Amino acid sequence: MERLSKIECPNGHGRMVIKSMSKEVLLRRMCITYHAKHFVCTECGIEADNLSMAAENQKALSDAYLMRVTLR
């Protein structure tokens, strides 16, 4: 099991914190809003993911897209 709290800022600012946020992307000419979790540096604001977090975010985007397409 991955240790989620051990991600360090690549810019050398120390440990990053997990934040949930609403994201908006343009996918197939549609604006899709989904909820994602990222590690965020509190100093510089850079976002990063580990493998499992990236997979969860991709699934959230996919689910939001499918809901948008089927609700049209």
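A disulfide is counted here where a pair of cysteine sulfur atoms lies within 2.5 Å. By that criterion, the structure, which is a predicted model, holds 0 disulfides.

The cysteines Cys41 and Cys44 illustrate this result. The sulfur of Cys41 has that of Cys44 as its closest cysteine sulfur, at 3.6 Å, and this separation is too far for a bond. Cys44 likewise takes part in no disulfide, its nearest cysteine sulfur being that of Cys41, 3.6 Å away. In general terms, a disulfide is a covalent bond joining the sulfur atoms of two cysteines. As to their surroundings, Cys41 has a relative accessibility of 3% and therefore counts as buried, whereas Cys44, with a relative accessible area of 36%, is partly exposed.

The sheet may be considered next. It is an open sheet of 3 strands in the order β1-β2-β3, and the pairing is antiparallel. Strands β1 (17-27) and β3 (47-48) stand at its edges; each has a single partner strand, so one side of each is left without a neighbour in the sheet. The pairing between β2, which comprises residues 30-40, and β3 is antiparallel and extends over 2 bridges. Where β3 is concerned, Ala48 of this strand stands opposite Phe39.

A helix accompanies the sheet. Helix α1, formed by residues 51-70, lies across β1, β2 and β3. Relative to β2, helix α1 runs at an angle of about 165°.

How values were computed: Residues numbered from 1 in each chain as written. Predicted model: local features only at pLDDT ≥ 70, side-chain atom pairs only at ≥ 80, totals over all residues. Heavy atoms only, no water. Pairing = 2+ DSSP bridges. Helix = DSSP H or I, 4+ residues; strand = E, 2+ residues; numbered from the N terminus. Contact = heavy atoms within 4.5 Å. Axes fitted to C-alpha atoms, helices over the stretch in contact; angles between N-to-C directions. Buried < 20%, exposed > 50% of the residue type's maximum accessible area, 1.4 Å probe, protein only.
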